[in-house]
Amino acid sequence: MTSYNCGEPACGCADPGTGCDDLGCSDACGCGDSCGLNLCGPCCLGDPWTLMDCIDPCGCSAVTFGGWTQLGYHSDSTRMSSAYGDLFAFNDVPDAVNLHQQWFYAEKLAEAPCCGMDWGFRFDLMYGTDAQKTQAFGNPGAANANQGSWDASLDHGVYGWAMPQLYGEVAFGDWNIIAGHFFTLVGYEVVTAPDNFFYSHAYTMFNSEPFTHTGALATYSGIDGVDVYAGWTLGWDTGFDQSNGGSSFLGGFSTSLTDDVALTYIATAGNFGARTAGESGYSHSIVLDCTLSDKLNYVFQSDLVGYDDTAAGGAFGAQVGINQYLFYTMSDCLAAGARVEWWKSDGIVAADNSTSQYGITYGLNYKPHANVVIRPEVRHNWLPADATLPDFNQTVFGIDAILTY
């Protein structure tokens, strides 16, 4: 990475002219006549600025610090949310500009030499309206506001604090092992805003997938083109605590079927803790990621969750979802995307009555700067004509901006 003086841009226009040069970068970027806002051709973003440029300009430290700030506005709550701040979706505080994620992390990667061993760690801290959905809400007592252990009680109205990761890491040979509190492997969308294309999240991600675990996870990469995962956790969404005897398997694999097609299968099995009220369950997520061309990418995801539903007298309940994504990259500055989703719950979401729920989202990712992405989107949620869930159908406009550093 190129190093720059603190506070100075990686590339800029000290003496811009008119027209395109007013909006882009001069040839100091090394990109000839291209322009930062040239939406039809190449754009020159330069290198992003990071905290480490100031903390460790010489690149001597093995520990990396970083983070991001995410601000966003959405006109209505994402379903299943139906009331202000009800915690039934990430975007549940509508018609206001919210600080969703003020994020800070510190990490040391474990990078073992050929015949040796290395250690590392990761710590994440976040404040914002996303915090209460990212806390260890699977811990005992966390279902009650401002209660529960680890970070589950760190609430301030619709805002709060979360510590979604704190783990140690050891690497040796083809093995990597982490132990502590860490993000799940399940699913395609993730909690961390810069790692998603869309501002809002799919029904499946919020309702049918864990976000975090506490336990241990091993990754084996000794098979060419395949990573194998296997670990044990204290159920779903726990933070250094155990609810209802939670004890479950987390594992699966990821592989490249061809140069352009990648497959990931991740499963959880056992007692999920608070999620299954101490009963046994099983879930899996299958993600197929296909590069169709230099500019076009397609993703298919299918999730299944099943467990004994104690609220329904011990009857078996299930959730299933299918998400499809299509992304078109116009330049390094601009990309367009669409997400089509179907989700259905049978028994284990009490209010839903086994009704199919549909959504389609389309939006843009626009980068005016290497450190900034702006994500406008329009989302349509709807039910079948004979559905009984009230006030579900809606069209939502949302836009957010993420500053990374």
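**Note on the predicted model**

1. Y159 is partly exposed, at a relative accessible area of 21%. The limit for a buried residue is under 20%, so Y159 falls outside that class. This residue sits in strand 5, which covers residues 159–172. The model is a predicted one.

2. What does Y159 touch, leaving aside residues up to four places away in sequence? The list is N98, L99, Y127, G128, T129 and Q132. A131 is 28 residues from Y159 in sequence, and the C-alpha atoms of the two are 6.7 Å apart.

3. As for the overall make-up, the protein has four helices and 17 strands. It has 405 residues, and 46% of them count as buried. Among contacts with a separation of 6 or more, 57% are between residues 24 or more positions apart. The exposed area is about 18100 Å², with 60% of it supplied by carbon and sulfur atoms.

4. How many disulfides does a search of the whole structure find? The search gives one. It is formed by C43 and C333, whose sulfur atoms are 2.2 Å apart. The disulfide is right-handed, because the torsion about its S-S bond is about 120 degrees. A disulfide is, in general, a covalent bond between the sulfur atoms of two cysteines.

5. Where do the two cysteines of this bond lie? C43 is in the loop between helix 1 (20–23) and helix 2 (51–55), while C333 is in the loop between strand 13 (315–329) and strand 14 (334–346). The pair therefore ties together parts that are 290 residues apart in sequence. Both ends are buried: C43 has 9% relative accessibility, and C333 has a relative accessible area of 1%.

6. C58 takes part in no disulfide. The nearest cysteine sulfur to that of C58 belongs to C60 and is 4.9 Å away. A disulfide needs the sulfur atoms within 2.5 Å, so this distance does not qualify. Is C58 buried or exposed? With a relative accessible area of 66%, C58 is exposed. Another cysteine, C290, counts as buried at 12% relative accessibility.

7. The count of aromatic pairs comes to 21. One of them joins F197 and F327, with 4.9 Å from centre to centre and 40 degrees between the planes. The pair is classed as tilted, because its angle is neither under 30 degrees nor over 60.

8. F197 lies in the loop between strand 6 (175–183) and helix 4 (203–208), and F327 lies in strand 13, so this ring pair links parts that are 130 residues apart in sequence. F197 is buried, with a relative accessible area of 16%. F327 is buried as well, at 10%. Which residues do ring pairs link into a cluster with these two? They are Y188, F198 and Y325, which join F197 and F327 in the cluster.

9. On the surface, M117, W119 and V170 form a nonpolar patch. Together the three residues have about 330 Å² of accessible area. M117 belongs to strand 3, residues 117–128. At 58% relative accessibility, M117 is over the 50% limit and so counts as exposed.

Key. Residues numbered from 1 in each chain as written. Predicted model: local features only at pLDDT ≥ 70, side-chain atom pairs only at ≥ 80, totals over all residues. Heavy atoms only, no water. Buried < 20%, exposed > 50% of the residue type's maximum accessible area, 1.4 Å probe, protein only. Patch = residues over 30% accessible without salt bridge, like charges linked within 9 Å, V, L, I, M, F, W, Y side chains within 5 Å. Areas by Shrake-Rupley, 256 points an atom, 1.4 Å probe, with all protein chains shown as cover. Salt bridge = Lys/Arg side-chain N within 4 Å of Asp/Glu carboxyl O. Contact = heavy atoms within 4.5 Å. Phe/Tyr/Trp six-rings, centres within 6.5 Å; stacked < 30°, edge-to-face > 60°.
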